[in-house]
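User: Please take a close look at the side chains of this model, and set out with care where they sit and what they meet. I would like one connected account rather than a list.

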Amino acid sequence: MEKKLVYTGKTKDVFALDNGHYLLKFKDDCTGKDGVFDPGENSVGLTIEGVGDVNLRMSIYFFEKVNAAGINTHFVSADLANTTMEVLPAKVFGKGLEVICRHKAVGSFYRRYSDYIEEGADLPAYVEMTFKNDEKGDPLVTKDGLVDLGVMTSKQYDDMKEMTQKITQIVADDLKEKGLILYDIKFEFGYAPDGSVMLIDEIASGNMRVYKDGQYIDPMTLSELFFA
């Protein structure tokens, strides 16, 4: 099948296929700073051999589970030998939106709201959305903001929130069976030509904050524990 490079990303390259789908090529480049991995950083900081492979493996595993649960995703198939994933075409909301679901009060959530909550306290699958904008520090945006700015409809927001909570629970339940506790996770969504919302990008260890016995597990260690 013919493929044409359409976008070079920090951790993935995107190709257009002649069947109308797209191909994601997972790379070993990671976001970070000064050679230290950090999923929250906005630039490539290091290369870890095999990270593209484990990110793809985990994404396949969870996309198949999410699809089986009747939740729309862009996942079609994958080729581990070439570290690629075939996906359905989807448009992103606005110039890109990140959706975070939080089970525990940590990170930026705790920094913002520490007057009202203790660090590590339980949260009821709290969903927040931020615009992808490095220069502005990924600003938070409310449902009213997204609707009033014309980024999405009220129904699309409600669907996305519900899907986020369901997918997070699928991931959390799976990790719990392995003795791992999910604190929070980051997703990206897009929409099909008919406007229906679908999960896009990846579901990988670099997008989640996971603890075991009260200790934070870095993404590469998490991937090793997950597939052990």
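Analyst: In this predicted model, a nonpolar patch on the surface is formed by V6, Y7 and Y22, which together have about 290 Å² of accessible area. Of these residues, Y22 belongs to strand β3, which covers residues 22-26. With a relative accessibility of 31%, Y22 counts as partly exposed, because that class lies between the 20% limit for buried residues and the 50% limit for exposed ones.

From the surface we can turn to the interior. The largest nonpolar core contains 46 residues, and F189, I203 and M208 are those with the most contacts inside it. Helix α4, residues 154-177, supplies the largest share of this core, namely 8 residues. Leaving out residues up to four places away in sequence, I203 touches M58, S59, F62, F63, V66, V171, I185, F187 and M208. There is also a second, separate core of 5 residues, and among them are C30, L46, V51 and V54.

A further buried residue is I71, with a relative accessibility of 9%; I71 lies in the loop between α1 (51-68) and β7. When residues up to four places away in sequence are not counted, the contacts of I71 are V66, M163, K166, I167 and I170. V66 is thus a contact of I71 and likewise a contact of I203. The C-alpha atoms of I71 and D159 are separated by 10 Å, although these two residues are 88 residues apart along the chain.

D159 leads on to the charged side chains. It forms a salt bridge with K155, at 2.7 Å from N to O. Because D159 and K155 are 4 residues apart in helix α4, about one helical turn separates them. D159 is partly exposed, with a relative accessible area of 26%, whereas K155 is exposed at 56%. Elsewhere, R102, R112, E128, D184 and R209 are joined into one network by salt bridges that share partners.

Across the whole structure, a search finds 16 salt bridges. In general, side chains of opposite charge can pair when their charged atoms come close. One of these bridges is between the side chains of K12 and E202, at 2.8 Å from N to O. This pair links distant parts of the chain, 190 residues apart, with K12 in strand β2 (residues 12-17) and E202 in the loop between β14 (197-200) and β15. Both partners are buried: K12 has a relative accessible area of 9%, and E202 has one of 8%.

Another salt bridge joins the side chains of K104 and D122, at 2.6 Å from N to O. K104 lies in strand β10 (residues 97-104) and D122 in strand β11 (residues 122-131), so this pair ties together parts that are 18 residues apart in sequence. Here K104 is buried at 18% relative accessibility, while D122 is exposed at 58%.

Two loop residues deserve attention for their backbone angles. Most residues other than glycine have a negative phi. T83, in the loop between β7 (75-79) and β8 (84-87), nevertheless has a positive phi near 55°. D213, which is not a glycine either, has a positive phi of about 55° and is placed in the loop between β15 (208-212) and β16 (215-217). The surroundings of these residues can be put in opposite terms: T83 is buried, with a relative accessible area of 15%, whereas D213 counts as exposed at 71%.

Finally, the backbone pairing can be described around strand β4. An open sheet is formed by 3 strands in the order β5-β4-β6, with antiparallel pairing. Its edge strands, β5 (36-37) and β6 (44-47), each pair on one side only. Strand β4, residues 29-33, is joined to β5 by 2 bridges, and the bridge partner of K33 in β5 is V36.

How values were computed. Residues numbered from 1 in each chain as written. Predicted model: local features only at pLDDT ≥ 70, side-chain atom pairs only at ≥ 80, totals over all residues. Heavy atoms only, no water. Pairing = 2+ DSSP bridges. Buried < 20%, exposed > 50% of the residue type's maximum accessible area, 1.4 Å probe, protein only. Patch = residues over 30% accessible without salt bridge, like charges linked within 9 Å, V, L, I, M, F, W, Y side chains within 5 Å. Areas by Shrake-Rupley, 256 points an atom, 1.4 Å probe, with all protein chains shown as cover. Salt bridge = Lys/Arg side-chain N within 4 Å of Asp/Glu carboxyl O. Core = buried A, V, L, I, M, F, W, Y, C linked by side-chain atoms within 4.5 Å. Contact = heavy atoms within 4.5 Å.
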